[in-house]
Amino acid sequence: MRDASSNRKFVVFVFFLFILLHQSDKLLIGPLTTDIIAEFGITDTQMGAVFSSALIVGSLLYPVWGYLYDRYARARLVALASLLWGATTWLSALAPTFSTFLVTRASTGIDDSSYPGVYSLISDYFGPEKRGRIFGALQIALPLGYLVGLVLALMLAPVIGWRNIFYITGSLGVVLAVLIYFGVKEVPRCSAEPEFADLAEIGTFKFDWQVAKDLMKKRSIWLLFAQGFAGVFPWNVISFWFFAYLERERLYNETEILTTMAPAVLVLAAGYFIGGSVGDALFKRSKRGRLIVAMTAVLLGAIFLNFTLGVPVEQKSLFFILLLGTALFIPFASPNVISTVHDITPPEVRSTALSIQYFIENGGAALAPLLAGYLADQTGSLGNSILLICVSAWIIGAIFLAGAAYLIPDDIDHLRSQMKARADAIVAGTVTD
């Protein structure tokens with residue numbers, strides 16, 4: 001069998017495929033919104049509740065998944081998450097009434113908390129200087145997954161119905177579970193830390209409550225949590241409501257939606273990798289580099305979105321150009337924030353740290369689709385609802401990112417000192433498996 005270090009490309013490919021198809025399943029409901037509302041005869045507020053229910057379930061389970069990932073084999077747990085994705089999606093496809101659909105769709109959130117384990121395992125395959133672009137490359141799958149879902153909704157749903165689409169994506173979850181279980185190898189925590197590069201034996205590091213408590217004493221981690229809380233509001237609103245906005249308020253037909261959103265999603269996908277790569281480059285010059293990139297891009301995204309949604313309906317070319325600008329900048333922050341969390345977090349609590357961040361992010365932002373639907377019902381405009389929530393959240397997030405950038409160098413230095421002390425202890429023979 002191949003050595004784990006030579007297995008890196010395969011692991012990245014499999015996790016890319018997992019994120020791509022999982023996101024297709026998760027976000028497919030957005031393009032299918034109109035069909036589902038029509039079948040069940042529900043309002044925007046009720047549909048917003050469907051969106052939010054899965055997000056709330058996923059949010060509540062983040063701490064559980066985080067602890068399990070730091071305590072047990074991460075690859076096996078990701079395989080379990082993939083299996084749960086398939087099973088719960090099938091259940092939502094079977095739901096005969098809106099009430100049962102609401103419950104079964106909420107159950108699809110169980111596996112949505114699985115990504116911290118993916119990023120934790122990847123961090124033990126790649127060192128700090130490469131993580132931004134590797135995370136960015138993986139996150140290309142996020143918008144591409146939405147694009148795949150969009151194509152399925154537009155091309156297949158009219159032919160085979162929205163329920164059969166869910167049967168297809170659920171089946172893919174089961175297939176991926178088998179591939180991950182048998183194909184992805186676990187590697188020891190700390191494997192990719194620079195201080196451990198020359199050590200023949202690394203030792204075993206698993207979740208430790210004291211290490212987790214010490215991490216929570218760092219001020220920068222709380223500012224990163226706070227910016228995440230604000231920053232996810234726009235993503236949830238755009239993911240679940242932008243398709244309906246184009247259809248209702250900009251009067252786009254299915255072909256126009258596809259030809260507009262497909263290039264935008266491709267640009268969005270590129271933005272993850274570009275943002276992570278730029279963050280890596282600036283990180284080599286300054287410990288604040290990643291967060292400076294994130295803060296700048298968040299503000300640019302807010303500016304571009306404001307101009308984009310203000311374009312008159314008849315000026316489709318200008319709307320398209322500005323939409324591409326928005327799509328380029330808004331994903332820059334994500335790979336840099338994840339990398340920064342790992343820059344200050346010991347390997348054995350990285351899943352927990354990222355899970356806490358996601359729990360805080362989604363704990364409030366899970367209500368974003370419901371809030372957007374409510375504001376749309378009250379104001380009669382999805383566009384105004386999207387703009388108000390997104391721009392406000394991004395400005396608040398930029399303020400928190402600025403504070404974290406100010407504090408981050410000391411916390412990075414502290415982690416590097418911890419890793420050096422561990423490596424020295426292993427060499428001295430005072431740390432054993």
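In describing the walls of a cavity, Ala, Val, Leu, Ile, Met, Phe, Trp, Tyr, Cys and Pro are counted as nonpolar, Asp, Glu, Lys and Arg as charged, and the others, Gly among them, as polar. With that in hand, a tour of this predicted model can begin from the inside.

The structure contains 2 cavities of 30 Å³ or more. The second largest cavity encloses about 90 Å³ of space. Its lining is made up of 6 nonpolar, 2 polar and 4 charged residues. The residues concerned are His22, Asp25, Lys26, Ile29, Val50, Phe51, Ala54, Leu55, Arg105, Thr108, Asp112 and Phe240. Two elements, helix H1 (8–27) and helix H3 (44–71), each give two or more residues to this lining. Helix H3 is the main contributor, giving 4 residues.

Helix H3 appears again at the second largest pocket. This pocket has a volume of about 170 Å³, and its lining consists of Pro63, Tyr67, Phe207, Trp209, Ala212, Lys213, Leu215, Met216, Val349, Thr352, Ala353 and Ile356. Here the elements that supply two or more residues are H3, H10 and H16. H10 gives the most, with 4 residues. By class, the lining of the second largest pocket divides into 10 nonpolar residues, 1 polar residue and 1 charged residue.

Two of the residues that line the second largest pocket, Tyr67 and Trp209, also belong together as an aromatic pair. In general, such a pair is described by the distance of the ring centres and the angle of the planes. The model has 20 aromatic pairs in total. For Tyr67 and Trp209, the ring centres are 6.3 Å apart and the planes stand at 20°, so the pair is stacked. The two rings link distant parts of the chain, with Tyr67 in helix H3 and Trp209 in helix H10, 142 residues apart. Tyr67 is partly exposed, at a relative accessible area of 31%, while Trp209 is exposed, at 58%. Elsewhere, Phe40, Phe98, Phe101, Trp162 and Phe166 form one aromatic cluster.

Charged side chains make links of another kind. How many salt bridges does the structure hold? The count is 15. One of them joins Glu193 and Arg350, with a distance of 3.0 Å from N to O. Glu193 sits in the loop between helix H9 (162–183) and helix H10 (209–215), and Arg350 in helix H16 (residues 350–365), so this salt bridge ties together parts of the chain that are 157 residues apart in sequence. Are the two partners buried or exposed? Glu193 has a relative accessible area of 1%, and because buried means under 20%, this residue is buried. Arg350 is likewise buried, at 0% relative accessibility.

A second salt bridge connects Glu256 and Lys316, at 2.7 Å from N to O. Glu256 belongs to helix H12 (residues 254–285) and Lys316 to helix H14 (residues 316–329), so the pair ties together parts that are 60 residues apart in sequence. Both side chains fall in the middle class of accessibility: Glu256 is partly exposed at 23%, and Lys316 is partly exposed at 33%. Salt bridges with shared partners also build a wider arrangement, in which Arg131, Glu193, Glu195, Arg350 and Arg416 are joined into one network.

A third salt bridge is found between Lys217 and Asp214, whose closest N and O atoms are 3.6 Å apart. Why does this pair count as a salt bridge? The reason is that a side-chain nitrogen of Lys within 4 Å of a carboxyl oxygen of Asp is enough, and the 3.6 Å distance satisfies this cut-off. Lys217 is exposed, with 64% relative accessibility, whereas Asp214 is partly exposed, at 34%.

Finally, Gln227 offers a view of how one residue is packed. Gln227 lies in helix H11 (residues 219–248) and is buried, with a relative accessible area of 8%. Which residues does Gln227 touch, leaving aside those up to four places away in sequence? The contacts are with Val337, Gln357, Gly397, Phe400 and Leu401.

How values were computed
Residues numbered from 1 in each chain as written. Predicted model: local features only at pLDDT ≥ 70, side-chain atom pairs only at ≥ 80, totals over all residues. Heavy atoms only, no water. Buried < 20%, exposed > 50% of the residue type's maximum accessible area, 1.4 Å probe, protein only. Contact = heavy atoms within 4.5 Å. 1 Å grid on protein atoms, 1.4 Å probe; cavity = no way out; pocket = protein on both sides within 12 Å on 5 of 7 lines; lining within 4 Å. Points joined across faces, edges and corners; volume = space filled by probe spheres on them. Phe/Tyr/Trp six-rings, centres within 6.5 Å; stacked < 30°, edge-to-face > 60°.
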